[in-house]
Amino acid sequence: MKSLRNAITLIVVALVLLSSSSLSRPAYVPVFGRFAILVHDVSPGYLPQLRQITAVIDEYGLQNKTYLFVIPDHGGEMPIWKYREFMEFLEELRRKGYHIELHGYTHIGDEFSCNVSTAERKLELGLKALSYLNVTPKYFIAPRYSLSRDALSVLLWHNVTVIGEDFIYFPNGTVEPIYNREYTWYMPSFLLPYELTSAESAYANINGTFFLSLHPEAVNNKAGMEFLREFLGFVSRSGLG
């Protein structure tokens, strides 16, 4: 078993080095440092899963490295301000050091592949929803990373930094390549050794900021949660640089 693990490690390291060279040297983003956790789809419908995820993050003291991307009105049927327990949960996390950010508005379809007026309206509604938590988001992830040029211009004009799948867009017009990966999308158990080795190798060999994306429910199976515990332990031992 150990020899198999060593073989997997060598193969994955080679693949990581090859892929990192194709990313035009992912940027080191000073505001995020060496490592950041991006939790997508934060909504009342996933409250039990979010409690499980944040409990693991708390174990490793990575609250300040975690960015919670909230859907203000998931599916057009879950306005966050009507869910007291969820709002209290977010407020508790904010006090611990978690960052509360914005993830679209309803998350229906590619809602931010839209014109300027629609983007303005949805952003305004999203900002109003987060104002109930006394939060003004600094960062935005579009649902499915789908974003029109018009919507991007609206967000940047409002001084919101946009995190994409492979790039980060700053209000000053700067665009940087990033390493942003999700290893735990309904991960089957047999893939756990490979995904864990891949993530550890990437973290050790990529000089830029390492963004770890997570989706509640998708990560909340046995293999996903084991990955999260082992990888966060590895990051904590390695240092955040």
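**Entry 1: helices α2 and α3**

I started with how α2 passes α3, and I found a left-handed crossing. I keep in mind that this is a predicted model. Helix α2 covers residues 47–59 and helix α3 covers residues 84–96; their axes come within 12 Å and cross at roughly 15 degrees. Angles under 35 degrees count as roughly parallel, so I wrote down α2 as roughly parallel to α3.

Next I looked up who makes the contact. From α2 I listed L47, L50, R51, T54 and D58, and from α3 I listed E85, F86, F89, L93 and K96. I sorted the residues of this contact by class and got five nonpolar, one polar and four charged.

**Entry 2: helices α4 and α5**

I moved on to helix α4 (residues 116–131) and helix α5 (residues 149–157). At what angle do their axes cross? I found roughly 45 degrees, with the axes coming within 8 Å. That makes α4 oblique to α5. I noted this crossing as right-handed.

The contact here is made by V116, A119, E120 and L123 of α4, together with D150, A151, V154 and L155 of α5. By class, I have six nonpolar residues, two charged ones and no polar ones for α4 with α5.

**Entry 3: the nonpolar cores**

A reminder to myself from general knowledge: in soluble globular proteins, nonpolar side chains tend to be buried together. With that in mind I looked up the largest nonpolar core, which has 60 residues. Which of its residues touch the most other members? They are F35, L90, F210, L212, F227, F231 and L232. I also checked where the core's residues come from: helix α7 (residues 222–238) gives the largest share, eight residues.

I picked F231 for a closer look. Leaving out residues up to four places away in sequence, I found that F231 touches F35, L196, A199, E200, Y203, F210 and L212.

There is also a second, separate core, and I noted that it has 14 residues. Among them are F32, A36, Y67 and Y139.

**Entry 4: N172**

My last stop was N172, in the loop between β8 (167–169) and β9 (175–177). Is N172 buried or exposed? I read a relative accessible area of 63% for N172. Exposed means over 50%, so N172 goes into my notes as exposed.

I then compared N172 with L156. They are 16 residues apart in sequence, and I noted 7.9 Å between them in space, C-alpha to C-alpha.

Technical notes
Residues are numbered from 1 along each chain as its sequence is written. This is a predicted model: local features need pLDDT of at least 70, side-chain atom pairs count only at pLDDT 80 or more; totals for chains, interfaces and linings use all residues. Side-chain values use heavy atoms; hydrogens and water are left out. Axes are lines fitted to C-alpha atoms, for helices over the stretch in contact, and angles run from 0 to 180 degrees between N-to-C directions. Helices (H or I, at least four residues) and strands (E, at least two) are DSSP runs, numbered from the N terminus. Angles under 35 degrees count as roughly parallel, over 145 as roughly antiparallel, 65 to 115 as roughly perpendicular and the rest as oblique. A crossing is left-handed if the near helix is turned anticlockwise from the far one by less than a right angle, and right-handed if clockwise. Contact means heavy atoms within 4.5 Å. Ala, Val, Leu, Ile, Met, Phe, Trp, Tyr, Cys and Pro count as nonpolar, Asp, Glu, Lys and Arg as charged, and the others, Gly among them, as polar. A nonpolar core is a set of buried Ala, Val, Leu, Ile, Met, Phe, Trp, Tyr and Cys residues joined through side-chain atoms within 4.5 Å. Buried means under 20% relative accessible area, exposed over 50%, partly exposed in between (1.4 Å probe, protein chains only).
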